[in-house]
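Q: I'm new to this one and would like a close look at a single part of it. Could you walk me through that part and then show me how the rest fits around it?

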Amino acid sequence: MYSDKVMDHFNNPRNVGEIENPSGVGTVGNAKCGDIMRMYFDIDEQGVIRDVKFKTFGCGAAIATSSMATELVKGKTVQEALTVTNQAVMEALDGLPPVKVHCSLLAEEAIHAALWDYAEKNHITIEGLKKPVDDIAEKEEAEEE
């Protein structure tokens, strides 16, 4: 059912925790399944994500996608982090069962939410960044319409 990479990131999640005084923090959830993901960024003066941490309340796939997403954005510029999609997270984990794809959407939105918070705190615009949703169930419903 789950790939070895998903199981590894679930059993040994990377970058778990909080960052004190983060440059940006984003929290998103999914009201349908109850998952909640919070991502913390420490971004330097050049716009590079020096450190990233996460806290996730949810299923194994939610924890695995959180862990992988932090690995994918760490050391990247803000603009590079913006290009990390749910598809990229799933591919890096060697796939997810169809019923767990929403977990990768949660990871993508958490990245965007943390970037949005960073941009607001610094009164800057990040080209291509749209206001994130608080509940990805809303986004899923909009895509189904």
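Which residues does His112 touch, not counting residues up to four places away in sequence?

A: Keep in mind that this is a predicted model. Leaving aside residues up to four places away in sequence, His112 touches Leu82, Val84, Leu129 and Pro132. Its home is helix α5. Is His112 buried or exposed? Its relative accessibility is 12%, and buried means under 20%, so His112 counts as buried.

That fits with the helix around it. Helix α5 is mostly covered, with 17 of its 21 residues buried. You can also check how regular α5 is along its length: at 1.5 Å a residue, its 21 residues should span 30 Å, and the C-alpha atoms at its ends are 31 Å apart, so the two values agree. Here's a handy thing to remember while you turn the model: an α-helix has 3.6 residues a turn, so residues three or four places apart point the same way. Just past the end of α5 comes His123, which takes a positive phi of about 55°.

Now, what does α5 lie across? Helix α5, residues 101-121, lies across β1 and β2, and runs at about 145° to β1. Those two strands belong to an open sheet of 3 strands, in the order β1-β2-β3, with antiparallel pairing. At the edges sit β1 (24-29) and β3 (49-57), each of which pairs on one side only. From one strand to the next, the twist averages 15°.

Let's zoom in on the first pair. β1 and β2 (residues 36-43) are joined in the antiparallel sense over 6 bridges. One of the pairings to look for is Gly24, whose bridge partner in β2 is Phe41. The two strands make a hairpin with 6 residues between them, and in the turn you'll find Gly34 with a positive phi of about 90°.

Another helix packs on this sheet too. Helix α2 (residues 60-73) touches β2 and β3, and its direction makes about 175° with that of β3.

From α2 you can step over to helix α1 (residues 4-11). The axes of α1 and α2 come within 8 Å and cross at roughly 90°, which makes α1 roughly perpendicular to α2. Where do they meet? On the α1 side it's Val6, His9 and Phe10, and they meet Gly60, Ile63, Ala64, Ser67, Met68 and Glu71 in α2. Sorted by type, the residues of this contact are 5 nonpolar, 3 polar and 1 charged.

One last stop is Thr77, which you'll find in the loop between α2 and α3 (78-82). Thr77 has a relative accessible area of 27%, so it is partly exposed. Not counting residues up to four places away in sequence, Thr77 touches Gly47 and Val48. If you'd like a distance to try out on screen, take Thr77 and Gly95: they are 18 residues apart along the chain, and their C-alpha atoms are separated by 25 Å.

Terms used. Residues numbered from 1 in each chain as written. Predicted model: local features only at pLDDT ≥ 70, side-chain atom pairs only at ≥ 80, totals over all residues. Heavy atoms only, no water. Pairing = 2+ DSSP bridges. Helix = DSSP H or I, 4+ residues; strand = E, 2+ residues; numbered from the N terminus. Axes fitted to C-alpha atoms, helices over the stretch in contact; angles between N-to-C directions. Contact = heavy atoms within 4.5 Å. Parallel < 35°, antiparallel > 145°, perpendicular 65-115°, else oblique. Nonpolar A, V, L, I, M, F, W, Y, C, P; charged D, E, K, R; others polar. Expected span 1.5 Å × (residues − 1). Buried < 20%, exposed > 50% of the residue type's maximum accessible area, 1.4 Å probe, protein only.
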